[in-house]
Amino acid sequence: MSRIKEFNLPDLGEGLTEGEILSWLVKVGDTIELNQPIVEVETAKAAVEIPAKWAGQVQAIFHPEGTTVEVGTPIIAIDTDPGAGPLDAPSTTATPGGDLPTPSAASLAAVEVAPAEGMVEPGLIGGPAPGGRTAVLVGYGPRTTAAKRRPRKGGVPAQAATTPTPMPAATAPAPQPVAAPASAHDGQGAATTGGPVLAKPPVRKLAKDLGVDLRTLTGSGPLGSITREDVQQAATGAVVAAEPIRATSVATSAASFGADREQRIPVKGVRKLTAENMSRSAFTAPHVTEFLTVDVTRAMKALDRLRGRREWRDVRVSPLLLVAKAVLLAVKRHPMVNSTWAGDEIVVKEYVNLGIAAATERGLIVPNVKDAGRLSLRELADALNDLVQTAKSGRTSPADMSGGTLTITNVGVFGVDTGTPILPPGESAILAFGAVREMPWVHKGKVKARQVTTLGLSFDHRIIDGELGSKFLRDIGDFLADPEAALLAWT
Amino acid sequence: MAKGDPGGTTRGRRAAPRSRKSAAGDPELVQLLTPEGERIESVTGPDGNEYRVDFTDEEYRGLYRDLVLVRKLDAEATALQRQGELGIWASLLGQEAAQVGSGRALRTQDMAFPTYREHGVLYCRGIDPIMPLGLFRGVDQGGWDPNEFKFNMYTIVIGAQTLHATGYAMGITMDGKTGTDDGEAVIAYFGDGATSQGDVNEAFVWAGVFNAPMVFFCQNNQYAISEPLERQTRIPLYQRAAGFGFPGIRVDGNDVLATYAVTRTALDNARHGQGPSLIEAYTYRMGAHTTSDDPTRYRIASEVEAWQAKDPIARVRAFLEKQQIADADFFAEVDEQARRESVHLRERVLAMPNPEPVTMFDHVYPNGSPLLDEQRAQFSRYMESFEGSAH
């Protein structure tokens with residue numbers, strides 16, 4: 001071991017992060033004894049004298065009086081064997097009146113990666129408190145230092161564990177099996193907001209699960225604390241627009257693969273929610289899916305006529321509007337499809353909160369049009385347009401997404417014919433609306449090119465029998481085949 | 001006191017019980033060695049007992065050695081904390097006589113229940129002073145076998161140990177181990193602040209009504225962290241015992257002889273089946289409450305200086321010198337022994353191994369549990385996912 005020993009400022013009182021050098025009681029060149037007071041340091045709790053940890057000769061003093069020094073930083077170097085002759089390495093002795101020497105790079109590096117000798121590895125208790133001067137007289141002050149961790153096995157750069165900024169998932173180098181992601185959110189690099197983040201533990205947990213960085217939020221709760229709603233809102237993009245979307249965007253961006261030619265993407269945020277919802281639904285509600293191919297030529301023509309009307313001139317009218325109308329009218333004829341399985345009872349709803357599955361940059365979200373059954377066609381069109389625009393701009397609120405009763409997924413926009421959709425939890429029916437194509441179709445006894453689409457309806461077989469499901473799907477198809485007649489017949 | 005207070009009557013009534021402010025000293029206080037080192041042959045306490053000690057010269061020198069060593073080891077621990085080697089330390093500086101006097105009064109069969117500051121009592125029980133340091137260094141939970149040392153584990157919760165002690169003492173009675181010269185007794189240590197705890201008052205009740213072989217040893221060091229005695233009690237603490245139906249006595253806690261005499265009598269009364277008693281050892285905490293505390297924020301320098309003049313070690317040294325019981329060589333030898341022992345203690349503290357993280361599972365259940373075994377395995381796998389060794 002080197003005869004020159006550097007003494008790091010210790011935590012003098014249970015969770016302090018720094019101390020101010022009040023006065024040096026020794027100077028460079030002094031011979032000192034073990035436990036001789038060498039420096040007076042003032043912390044948030046007390047002004048104390050620090051006794052020398054080693055006997056020897058003061059080799060260097062790194063911080064002048066009046067400076068504030070972080071815990072763990074070298075403050076003095078002591079030659080523990082001054083009688084052994086001159087030092088091999090160039091001395092770091094301070095010149096009188098000159099610049100203060102700096103601790104050796106090696107010692108700084110040691111401080112960086114490992115706790116000071118004998119110190120218990122600091123944990124990460126309490127929220128971040130920039131500046132560290134938390135006024136606590138006795139007892140346990142908040143731990144404000146970040147945990148210094150050993151690197152993970154498997155080639156993770158040592159820096160990764162202590163880098164305060166969240167890393168884009170695309171470059172996340174390795175799986176972090178347990179607990180590690182928490183550090184990116186709760187503790188380190190607290191400088192962004194300038195104060196501790198107030199949030200209850202369940203909210204912190206939620207934020208962690210959804211991949212929301214609490215420090216980027218403005219709390220709406222008491223004392224500016226962050227509420228569950230704030231987090232949910234942030235997760236769906238209603239508040240944060242500037243924050244780059246992590247995890248979900250990875251799927252489309254150029255992936256960077258490791259040496260094993262595999263890329264690992266942390267499951268969080270919308271992806272995690274979607275996964276949870278889908279597997280919950282898929283393995284609790286017995287799904288049945290039925291298909292119906294319909295000639296929608298008349299409906300398309302009706303849409304064109306609608307677009308031509310003056311009062312509809314400014315409205316974007318898409319086939320989805322007619323499908324939505326078809327579903328709403330069919331629900332009126334078969335109310336049981338608009339229901340929820342609640343264990344020992346079935347909750348049938350008079351209102352229809354019509355969900356529209358939307359692919360957004362953030363991932364799949366399903367906002368719904370509230371009480372869509374009461375809307376006129378024009379109101380429905382406006383509501384659908386609003387909903388789609390809001391979703392695309394990433395401003396959909398949690399309220400918009402909750403309480404859905406029945407959903408349409410418009411897979412046709414991706415150019416596919418249909419699918420077997422999975423029910424959103426709590427809903428009993430979901431309709432997949434495929435692409436509308438020109439197809440050969442037998443029309444009035446002759447094969448003609450007609451506009452044709454395929455509908456796929458999944459329903460919860462606990463509530464909806466094949467007969468009911470078939471009738472419901474049939475009615476939707478009838479409407480799309482001849483909207484005017486259906487309207488006349490049913491309303 | 002409120003500004004609008006009419007003064008006179010109220011102020012007079014309140015001031016009366018404050019014995020510590022009285023100019024003539026503390027009349028109720030049993031003292032056998034004055035701060036100047038004058039021996040008082042014997043004192044008849046307000047309880048009618050006559051207190052005296054008859055030590056040989058060797059025993060006097062032994063007490064001095066204890067006091068010096070205990071202080072030196074305590075100072076070393078404080079230094080170790082300042083150097084980042086202990087997380088925290090509760091110094092006994094100023095209370096050496098109260099601890100050595102009572103600790104030496106204990107007999108082998110007696111059981112002691114300490115707080116977290118009884119390093120001097122621990123030393124007098126013949127226990128290696130390294131034992132509690134693992135707790136303060138954060139490398140163990142401060143656990144040891146209380147029965148092996150007849151010294152319970154340090155109790156951080158204020159006053160809790162008085163109930164444990166009382167229960168233990170009641171057990172002694174049930175085992176029929178009182179009533180003879182070789183009977184067993186229990187001593188429970190606590191501070192002035194703890195007397196406001198429900199636990200301590202409950203312990204008083206139980207010990208009183210069950211006539212438990214107990215000595216409640218209160219080191220009144222004048223401050224409950226920053227709270228002065230004036231805001232702790234309106235009567236001298238030892239007088240509280242009367243309300244619970246057992247004797248209480250105040251002793252000069254900076255006088256190792258008087259503390260020894262008073263404690264010895266109280267323990268003997270307990271072991272003979274005469275029930276509990278309360279000793280208020282009137283002393284002063286010269287240092288901070290713990291290393292996390294700054295006493296200059298709540299007490300004035302002149303008060304500390306006044307107590308400095310009552311130093312428990314200086315008076316013994318003065319007595320030994322005046323009586324020619326010890327010479328300069330002896331004092332130098334004691335200092336050298338203290339220095340050696342403190343260096344030895346330091347070396348052993350620095351050499352304390354950091355525990356493997358998984359050892360936290362070791363002392364939860366005596367025979368383990370499936371759930372903990374699973375957690376341990378899980379945690380081991382997690383720890384193994386890091387590069388390098390644990391330390």
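Start with the open sheet of chain A in this predicted model: 4 strands lie in the order E1-E8-E6-E3, with antiparallel pairing. Select residues 4-8 for strand E1 and residues 31-32 for strand E3; these are the edge strands, and each pairs on one side only.

Stay on E3(A) and add residues 56-61, which make up strand E6 of chain A. The two strands run antiparallel and are joined by 2 bridges. To see one residue pair in this part of the sheet, pick Ile32(A) and look across to E6(A), where its bridge partner is Gly56(A).

Next, zoom out to the whole of chain A and colour by secondary structure. The chain has 11 helices and 18 strands. Switch the colouring to burial: of the 491 residues in chain A, 36% are buried. For a contact map of the chain, take the contacts with a separation of 6 or more; 63% of them are between residues 24 or more positions apart.

Now select residues 466-481, helix H10 of chain A, and within this helix pick Leu473(A). Is Leu473(A) buried or exposed? Leu473(A) is buried, because 24 C-beta neighbours lie inside 10 Å and the cut-off for a buried residue is 20 or more.

Keep Leu473(A) selected and show what it touches. Which residues are in contact with Leu473(A), leaving aside its neighbours within four places in sequence? They are Glu290(A), Leu292(A), Leu455(A) and Leu457(A).

End with the pair Leu473(A) and Glu290(A). In sequence they are 183 residues apart, while a C-alpha to C-alpha distance drawn between them should read 8.0 Å.

Note on methods: Residues numbered from 1 in each chain as written. Chains lettered and ligands numbered in written order. Predicted model: local features only at pLDDT ≥ 70, side-chain atom pairs only at ≥ 80, totals over all residues. Pairing = 2+ DSSP bridges. Buried ≥ 20, exposed ≤ 12 C-beta atoms within 10 Å, placed from the backbone. Contact = placed C-beta atoms within 7 Å.
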